[in-house]
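Student: Could you take me through one part of this model up close? I'd like a connected walk rather than a list.

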Amino acid sequence: MLYNRVTEEIIRELAVIAGARNVLLDPAKLEAYSHDETSKEEYAHMPEVVVTPESTVAVAAIVKLANRAHIPLTPRGAGSGLSGGAIPVFGGIVISLEKMNHVREIDYENLTMTVETGIVTNEINNLVKDKGLFYAGYPMSLETCMLGGNIAENAGGGKAIKYGVTSRYILGLEFVTPAGDIVWLGGKLAKDVTGYDLVHLIVGSEGTLGIATAAIIKLIGLPAAKSDLLVLFRSPQEAISCVPVILSKGLIPTAIEFMDRRSVETSCAYLNENLPYAQCGAMLLIEMDGRDPALVESEAEAVGDLCMEQGAIEVYVADNRTTQERLWAIRRNIAEAFKVYCPVQSLEDIVVPPASIPAVIPELDRIAAQFGITIPCYGHAGDGNLHATLVKDPEMSMEDWHRIEPQALEALYEAISKLGGKISGEHGIGLKRKEYMKRFMSPVELELLKAIKRAWDPNLIMNPGKMFDLEKGIG
Amino acid sequence: MHIIVTIKQVPETDKVKMDPETGTMVRSGLESIVNPLDLYAIEEALVLKERFGARITVLSMGPPDAERALREALSMGCDEAVLLTDRVFAGSDTWATSRVLAEAVKKIGAFEIILAGERATDGDTGQVGPALAAWLGIPVISYASGLELFADLGSAGAEKGGVPFAPSTVRARRLTEEGYQILETEMPCLITVVKEIASPRLPTLRGKKFARSAQVLRWGARELGLGTEDAGLPGSPTRVTKIFYPKVSRDGERLVARDEEGIARAVNRIFALLEEKGCLSSVPEAALATAHQERTSLYSKASTTHENLERASLDQEAARNHSAAKLSPTEPSAAELSASSPGAAKSAVPKPEVWIIAERRHVGLDSVSFELLARARTLADALHTSLAAIVVAPSLADEEVQALIAYGADSVIALESLNFDDFVCETWADALFALARERKPDIVLAAATTTGRTLMPYLAAKFGTGLTADCTELAIEEGTGLLLQTRPAIGGNIMATIKTPKHKPQMATVRPHSAQPLSPDFERKGIVLRTQALQPAESRAGTQQIAVRTRVLSMERNTKGFENLEGARMVVSGGRGLKKAENFKLVRELADALGAVVGASREAVDRGWISYPHQVGLSGKTISPEIYLCAGISGAIQHLAGIRTAKTIISINSDPEAPIHAVADLAVVGDLFEILPRLAERVRSAKTGISTEGNHAL
């Protein structure tokens, strides 16, 4: 089975469907749609045409056309993904939802919002903040990413331990199937077992099963107060051992971020932050939030006390925005600080059972030593999702890097598999990690995934070349 | 040792709104924080506590909710907290605030040092600290970037064998436009600090627990023995008469430099703009010649002699070519009038004068003095009175006198004493106070420099009159003849017009570069008074007394990392977009090529890429250069506050959404790493006369 190329005829049809202004062919403009936040030189691929439809009907018509003509179709949001999921590896049509960013309804009775998926996720919270509401499903890259991408990847982020990930907040979807049919799934319902849970099959399907053009999302009360603790520990073990102690006391932080010594040192040096981290082997950044400032304060204090009991060196408290910004700056600037050290990296998002985090660190050290690279480790300790980042030695040649990167990744995935972990917690498989799916997912499970894909998209036009390979090539 | 730290609770600057009806700040819905600049004062107090052992009392005046700021200070390690809160205090200006604080300090009891941030980020006046020192009659050292304590004056010993001792002398490093001034003073004293002094610690859990259980004392007017007329609006000499919102966006030109062609176009356009603004000329007569060059050419034109001066002042009528008013010197009884006719001394009762306090640096008069003259000339003409330039100096050269007259002064009063070699607030204030008591000026203007912003609040407190900081517009109100003082506030987000209805003199500091000097007229005649003898005896005694308390040890000029940003006509700034310290060389190379001074954003300074004296913005410097070119700066509201009055802003930032582009006259969306080196090369080539490469001239 082979894909067809985009012809003049197809382009004319696209112009009729979406309007000529929404069909991009200029290579300079197409370039922006050829990559995401993964390494451009490793993964980028040019689309043949980009369409920016303005309605669900237009999306459906484009999908119908692609399905009829066997042209690969890659849906795209903001392009801020970290797995290569929005890259058109087979060329074809990129269907960008950037112009489908309207709010269709805010339902204050049911506390839901119906929005098109091209909306910038951060905008959602700006729109409902004044009503004391918020959408809790937003990930860390909150300033640029779009809801559609969050849905495709089932994005997680720093607040998952208390608020869960994107899927918890998606109640319903307006969905265009690979055949080009439009269907509404789910609804403003807290409970719904009417058949298979297709909404949550689609959430996290990386655009391989169809295109979600709108979503009913759940809004919750905005926690007015928050308090952050920065806790210094002598070792990662001490830091991680605090997590179950805190959780078992019924204290549910919004975030428990872990930073290993190397991450702390590099970020603090980059920020010129003078915290006394010399004796510190690891840090936790813990955030408590809630409605009542006094309650939040007392809970934060209880968490701090538990950490001290577990052997913390020091607990710093930030309960206003100035000090909170200062604490979070350390966590947020780790990636940037390492980019200054060496911009060539592979940002991973492995996930392990939370208690296994201390065991991950020596593995990372071993792999780093073996391949002559640096692997700082930081991330969401509360849910075991770690950003172990492979950073090239600035002196190493690119040739050597390309040679060792897959080997180091392999070694990393091998190690975390043994610890009961998986290769991606929130970034997704996409293009970047599909080769490792074969190795780290059981054949039975992989075949179940492929069976779903074939059943929904028999012509294999929806975001081909992602998650796993199926038998089809470029025509 | 007992240290008092005065702090203020301020709203987060990036979210401030003002009520245009009442002219007051809308505080609801805003998070309040400890004034960020006060955190440095708190940290320095804690450092001193650790070294010498000390009790720290933190003091604030504000609404009941300001208790949170005090508890934050307690959680950092301060020992006691006092909140001055009373409806009577609401609406106090800086004069009334400093008065209430002074009463509280007296009630708190003995202390060695009062520490305060150089100013608050909301009001942005920096007046309360020096005014408080004046109320308490103690020396003030402003803009301190470092402190050392000694057991007695001059004994440069550290802790004796590690044993804490009781210090009695403070040696401070004070950041000025010229460099660092090293001064020593006796305790008790008041020190205002800049960010460079310390890096604030974070509150610990232990600290938080202490702060939560600690008692915060609350004092109202009654506890301080103050009446309802002593504070708040009734007790404030100044009145806000109008609030308006300045136009922030400049609707400038925007270029996108994504590819080779775009980059070349952007470099060409910036170059053309710089050329148009006269930045590329290397001849001294150019519009952008430095202040120093201006002075040099001025003196040569003036060709003054002493006879000229004498003849000048003999001809009273001829001296009125700018002003219709009659100028009469005050009764010369105690005065040594170096040159005035006997007839002139007998003329009618003088109208109160307009004064400017001229600014003098080690090289001579600073050009800001001429800007002040331009401002004051308009005011004096509107009031039909005369304009006096007051100069505090060891001795004033005749050329300097001539220059002041040429630029608009009707008379020059030189307070000459060897004590006046360097700026010492109390000494200068004493001399000026005595002179003002004698001559009763109507209006006193000084530059909003480190000197003016220290001296003027100290003086205003002594006079018991109002003062408005950092004005960018001045006018005379029709009918009342009152001075209307307009200044930016809240980081430049609003403009406020303020007046002092019932107190004299009316005082204001004026933002440097906010006015053009008049074109000099070297034919103008004026009067010169040289005035050691004008000082009454008791004041001179006072002067000597204080002069012993504070003395200047040295001046570090041209120290590494120091730049006179305030005086610069061109500033090239870099920010976080430079990615690392080494990349600052790109900014420096362009600045060098242009003959500009290097600035930086807070982020760049915080990261240690460049030193604090380079920082532009709310917690750094407020500047008004002809050209402000910034690269890799996003334009946070705090940064914009420092550049609102820049004449031309050029921004280079790869983020099309960066707020800096909205306030730029020329916004370039592009990669600074591509643009800066090419621009520097282009400027260098143009200056050395070598024609630029063809590919630049697209």
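**A sheet in chain B, and what surrounds it**

Tutor: Sure. Keep in mind that this is a predicted model. Let's start with a pair of strands: strand 22 of chain B and strand 26 of chain B, residues 506–510, run parallel and are joined over three bridges. Within that pair, B:T468 sits opposite B:A508 of strand 26 of chain B.

Now zoom out to the whole sheet. This is an open sheet of seven strands in chain B, in the order 22-26-21-16-19-20-27, and the pairing is parallel. Strand 22 (467–471) and strand 27 (527–530) of chain B are the edge strands, each pairing on one side only. On average, neighbouring strands of the sheet are turned by 20° against each other, with direction ignored. As for what holds such things together, strands of a sheet pair through backbone hydrogen bonds, in either a parallel or an antiparallel way.

Follow the order to its other end and you meet a helix. Helix 11 of chain B, residues 398–406, lies across strand 19 (387–393), strand 20 (411–416) and strand 27 of chain B. Against strand 27 of chain B, helix 11 of chain B runs at about 135°.

For another spot in chain B, try B:I3, which belongs to strand 1 of chain B, residues 2–7. B:I3 is buried, because its relative accessible area is 0%, where buried means under 20%. Leaving out residues up to four places away in sequence, B:I3 touches B:A45, B:L48, B:A54, B:R55, B:I56, B:T57, B:I113 and B:L115. Also, the C-alpha atoms of B:I3 and B:K49 are separated by 8.5 Å, with their positions 46 residues apart along the chain.

Hop over to chain A for a helix pair. Helix 10 (residues 261–271) and helix 13 (residues 334–341) of chain A pack at an angle of about 80°, and their axes are 8 Å apart. That angle falls in the 65 to 115 range, so helix 10 of chain A is roughly perpendicular to helix 13 of chain A. On the helix 10 side, A:R262, A:S263, A:T266, A:S267 and A:Y270 do the meeting; their partners in helix 13 of chain A are A:I334, A:E336, A:A337, A:F338 and A:V340. Sorted by class, this contact has five nonpolar, three polar and two charged residues.

Finally, the two chains together. Chain A puts 24 residues into the contact and chain B 25 residues. Between them they bury about 2200 Å², with 46% of it on carbon and sulfur atoms. A:E301, A:V317 and A:R321 supply 25% of the area that chain A buries against chain B, more than any other three residues.

How values were computed: Residues numbered from 1 in each chain as written. Chains lettered and ligands numbered in written order. Predicted model: local features only at pLDDT ≥ 70, side-chain atom pairs only at ≥ 80, totals over all residues. Heavy atoms only, no water. Pairing = 2+ DSSP bridges. Helix = DSSP H or I, 4+ residues; strand = E, 2+ residues; numbered from the N terminus. Axes fitted to C-alpha atoms, helices over the stretch in contact; angles between N-to-C directions. Contact = heavy atoms within 4.5 Å. Parallel < 35°, antiparallel > 145°, perpendicular 65-115°, else oblique. Nonpolar A, V, L, I, M, F, W, Y, C, P; charged D, E, K, R; others polar. Buried < 20%, exposed > 50% of the residue type's maximum accessible area, 1.4 Å probe, protein only. Buried area = accessible area lost by both parts, 1.4 Å probe.
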